[in-house]
Amino acid sequence: MQSLALIENWPVPTAAAAVVRADGTVAGAHGPTGNRFPLASVTKPLAAYAALVAYEEGAVELDEPAGPDGSTVRHLLAHTSGLAFDEHRVTAPPGNRRLYSNAGFEVLGDHIAKATDIPFAEYLRQAVLEPLGMTSTTLDGSPAKDGVSTVDDLVRFAAEVQAPRLLHPGTVLEAMSVVHPGLSGVLPGYGHQKPNDWGLGFEIRDGKSPHWTGSASSPRTFGHFGQSGTFLWIDPDAGAACVALTDRAFGPWAVEAWPPFTDAVLAELGGRAH
């Protein structure tokens, strides 16, 4: 895919990207796709997927208490637990506002570790990474932001999300559907969004503006970006997913570079499926 070569123009030391179709075929790749990069918050979809495996295994229920008083596993996954961004401090009642929270994912990881009697990083490895052959991916700390991976490994994950084998397709459909519709909140790096829609661990594009995906991205697009200059989006209407990893922190360069890159990828894929 020629569009992937646009990463050569990004003002970053190193970048790699790939596109994987819904049938699991890699449409294209560019750059050192075997390089390990810190994921920052692109860790969250991996952690969420492990949480959903725990749910399907019966280790946890989505609506069981977890986190602050009145909060559940579902609240933690959807950033509606009321926990602050990076502090284990309650700032709103559960289900009241979309408060993007690293602390919430840390509480979630602890909750699953306790329920399964397996440290969360090890549970993630057994439940998601190992079955998908993601041998270069590790979680060395917070389930919110301390994953390290490669484009090659995240392509395997993006293929799984598009054609699930580890989870029931209905569970993935729930994960990419809006939880607590209508809640507003701040999308880090992009300001206040009304509404600020999220699923279970995945951010949902809907009509958000500004946004890190493209103007041609369908409203159903879901995924995550990270402060380490990383992103993963899945566009069901385009029948494809895209991963890009860099070693430069997110900033104005990414706000400028990512949307036209995504639009070029979608155009080369043939735009949205009709």
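Start by selecting Arg125: in this predicted model, Arg125 is partly exposed, with a relative accessible area of 33%. Now add Glu130 to the selection. The two side chains meet in a salt bridge, N to O, at 2.4 Å. Glu130 counts as exposed, at 52% relative accessibility.

How many salt bridges does the structure hold? There are eight, so let's visit some others.

Hop over to Glu87 and Arg89. Their side chains form a salt bridge too, with 3.0 Å from N to O. Color both by accessibility and you'll find Glu87 partly exposed at 43%, and Arg89 partly exposed at 41%.

Next, pick Asp63, Arg74 and Glu174 together. These three are linked in a network of salt bridges.

Now go to helix 5, which spans residues 151–162, and show the side chains of Asp153 and Arg156. Here is another salt bridge, and its closest N and O atoms are 2.9 Å apart. The pair sits three residues apart in helix 5, so about one helical turn separates them. Is each partner buried or exposed? Asp153 is buried, with a relative accessible area of just 2%, while Arg156 is partly exposed at 38%.

Keep Asp153 on screen and add Thr137. Their side chains are joined by a polar contact of 2.7 Å. Thr137 sits in the loop between helix 4 (120–129) and strand 4. Thr137 is buried, because its relative accessible area is 6% and the cut-off for buried is under 20%. Who surrounds this residue? Setting aside neighbours within four places in sequence, Thr137 is in contact with Arg36, Leu46, Leu129, Val148, Ser149 and Asp153.

Step one residue along to Thr138, whose bridge partner in strand 5 is Val148. Strand 4 and strand 5 (residues 147–149) run antiparallel and are joined by two bridges. Zoom out a little and you'll see the open sheet they belong to: three strands in the order 3-5-4, with antiparallel pairing. Strand 3 (37–40) and strand 4 (138–139) are the edges, each with a single partner strand, so one side of each has no neighbour in the sheet.

Time for another sheet. Which order do its six strands take? Follow them as 2-1-11-10-9-8, an open sheet with antiparallel pairing. The edges here are strand 2 (26–30) and strand 8 (203–204); each has a single partner strand, so one side of each is left without a neighbour in the sheet. At the strand 8 edge, look for the pairing with strand 9 (residues 222–226), which is antiparallel and runs over two bridges. Glu203 stands opposite Gly223 in strand 9.

Bring helix 5 back into view. That helix packs on this sheet, touching strand 1 (15–21), strand 2, strand 9, strand 10 (230–235) and strand 11 (240–246), and its direction makes about 25° with that of strand 1. Helix 7 packs on the sheet as well, touching strands 1, 2, 9, 10 and 11, with its direction at about 35° to that of strand 10.

For the last stop, select Leu269, in helix 7 (residues 252–269). Leu269 counts as partly exposed, at 22% relative accessibility. Leaving out neighbours within four places in sequence, Leu269 is in contact with Met1, Val19, Arg21, Ala27 and Ala240. Finish by drawing a line from its C-alpha atom to that of Gly239: the two residues are 30 apart along the chain, and the line spans 8.9 Å.

Key
Residues numbered from 1 in each chain as written. Predicted model: local features only at pLDDT ≥ 70, side-chain atom pairs only at ≥ 80, totals over all residues. Heavy atoms only, no water. Pairing = 2+ DSSP bridges. Helix = DSSP H or I, 4+ residues; strand = E, 2+ residues; numbered from the N terminus. Buried < 20%, exposed > 50% of the residue type's maximum accessible area, 1.4 Å probe, protein only. Polar contact = N/O pair within 3.5 Å; in protein donor to acceptor, adjacent residues only side chain to side chain. Contact = heavy atoms within 4.5 Å. Axes fitted to C-alpha atoms, helices over the stretch in contact; angles between N-to-C directions. Salt bridge = Lys/Arg side-chain N within 4 Å of Asp/Glu carboxyl O.
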